[in-house]
Structure formats: structure tokens, C-alpha cells
Amino acid sequence: LHATESDVPTGRQLQAKAEAETQFIDTPSLKKLIDESTELVLVDIRTPGEIQKHGGTIDVPQNVNIVRGWLEFSIQNKVLDTDSPIVVYCGAGLRSPFAAKTLQDMGYTNVWNYAEGFFGWRDAQ
């Protein structure tokens, strides 16, 4: 069986669909949420190599690193309450919409995609 090009969505099309189905949070709102919420969990889905290469992570106590490929298997060990506020981010917002959508599909109800990513956070400091 061969699919035609028009039958197979591109990565960008899938990303746009995930973005449309998730909430977005910007840098000022994220800063405020970090300051105000003790239950917030920031999930950095980049690999440890990416984190090291690009100068670190969002350095707050609420931050955890779960590589995108392990999110479905590891999130329940880090976030026990499906109503906990979760902000998912990567480097520049390419993978984080997929991660946010996955968490919603898993039953997490309070999920945001930080599409500005680590680079946006770093540049805003």
C-alpha cells in the first residue's frame, strides 16, 4: 500500500494541529505562574545533550527534564495529580506542542505549551 503525498501530513501540519489543540503561555505569564504557583511543573523535553549544548534550562525548582520520547512513560512518576499545572517546553517550540497535546490526551487538564521555549526564556532575561 502506498500513500500519496497528499495523504501524509507534514510535520508542520501536525505541529499546527497540536498547537491549535493546546493552550499557549507567553514569557510574562510564565514568570508570573512560576512566582505564584507552588504546584507548577515545568517539563523540559529536550535531551541532556541539547540542554548542555545550549546553556542550560529554565532554572527554577519546579523544572524537570523528561526527554520527549520518554514523556508518556515518565510523567506519571513526576506529576501525580492530573490537575496540576504543567508547562511544557523545548528549545524553540517545535516539539513542545506535541508534548502538551500528549499530556492532554493522557488526562492532564491544566497543560500549557511554552512555544517561546528555552531560547525565548534565555533571551528575555
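Start in strand S4, where Tyr 89 is the bridge partner of Asp 44. Strands here are DSSP E runs of at least two residues and helices are H or I runs of at least four, numbered from the N terminus. The model is predicted, so local features need pLDDT of at least 70 and side-chain atom pairs count only at pLDDT 80 or more, while totals for chains, interfaces and linings use all residues. Residues are numbered from 1 along each chain as its sequence is written, and side-chain values use heavy atoms, with hydrogens and water left out.

**The sheet**

Select strand S2 (residues 41–44) together with strand S4 (residues 86–89): the two pair in the parallel sense over four bridges. Two strands are said to pair if DSSP finds at least two bridges between them. Within this pairing, Leu 42 stands opposite Val 87 in S4.

Next, colour the side chains of S2 by the direction in which they point. Val 41 and Val 43 lie on one side, Leu 42 and Asp 44 on the other, and all are buried. Buried means under 20% relative accessible area, exposed means over 50%, and partly exposed is in between, using a 1.4 Å probe and protein chains only. Do the same for S4: Ile 86 and Val 88 point one way, Val 87 and Tyr 89 the other way, and all are buried.

Add strand S3, which pairs with S2 in the parallel sense over three bridges. Here Val 43 stands opposite Val 64 in S3. Then add strand S5, which runs parallel to S4 and is joined to S4 by three bridges. Val 87 stands opposite Trp 112 in S5.

Zoom out to show the whole sheet. It is open and has five strands in the order S1-S5-S4-S2-S3, with parallel pairing. The edge strands are S1 (23–24) and S3 (63–65), each of which pairs on one side only. Now bring in helix H5 (residues 96–105), which packs on the sheet and touches S1, S4 and S5 (111–113). The direction of H5 makes about 170° with that of S5; axes are lines fitted to C-alpha atoms, for helices over the stretch in contact, and angles run from 0 to 180 degrees between N-to-C directions.

**Phe 98 and Gln 15**

Stay on H5 and select Phe 98, which lies in this helix. Phe 98 has a relative accessible area of 28% and is therefore partly exposed. Leaving aside neighbours within four places in sequence, Phe 98 is in contact (heavy atoms within 4.5 Å) with Gly 11, Leu 14, Gln 15, Ala 18 and Arg 68. To check a distance, pick the C-alpha atoms of Phe 98 and Ala 16: they are 9.5 Å apart in space, with the two positions 82 residues apart in sequence numbering.

Move on to Gln 15, in helix H1 (residues 11–20). Gln 15 counts as buried because its relative accessibility is 9%. Beyond its neighbours within four places in sequence, Gln 15 is in contact with Gly 93, Leu 94, Pro 97 and Phe 98. Show the polar atoms of its side chain: one lies 3.1 Å from the backbone oxygen of Gly 93, and the backbone oxygen of Leu 94 lies 3.4 Å from a polar atom of the Gln 15 side chain.

**Tyr 114 and Trp 121**

Select Tyr 114, in the loop between S5 and helix H6 (117–124). Tyr 114 counts as buried because its relative accessibility is 0%. Its contacts outside the four-place sequence window include Ile 25, Thr 27, Val 87, Tyr 89 and Trp 121. The side chain of Tyr 114 makes a polar contact with the side chain of Thr 27 at 2.6 Å. A polar contact is a pair of N or O atoms within 3.5 Å; within protein, one must be able to donate a hydrogen and the other to accept it, and residues adjacent in sequence count only if both atoms are side-chain atoms. The backbone nitrogen of Trp 121 lies 3.3 Å from a polar atom of the Tyr 114 side chain.

Turn to the ring of Trp 121. The charged end of Lys 31 sits over this ring, 5.7 Å from its centre; the criterion is NZ of Lys or CZ of Arg within 6 Å of the ring centre and within 35 degrees of the ring normal.

**Ser 37**

Finish at Ser 37, in the loop between helix H2 (27–36) and S2. Ser 37 counts as buried because its relative accessibility is 15%. The backbone nitrogen of Glu 39 lies 3.3 Å from a polar atom of the Ser 37 side chain. Apart from neighbours within four places in sequence, Ser 37 is in contact with Gln 62 and Pro 85.
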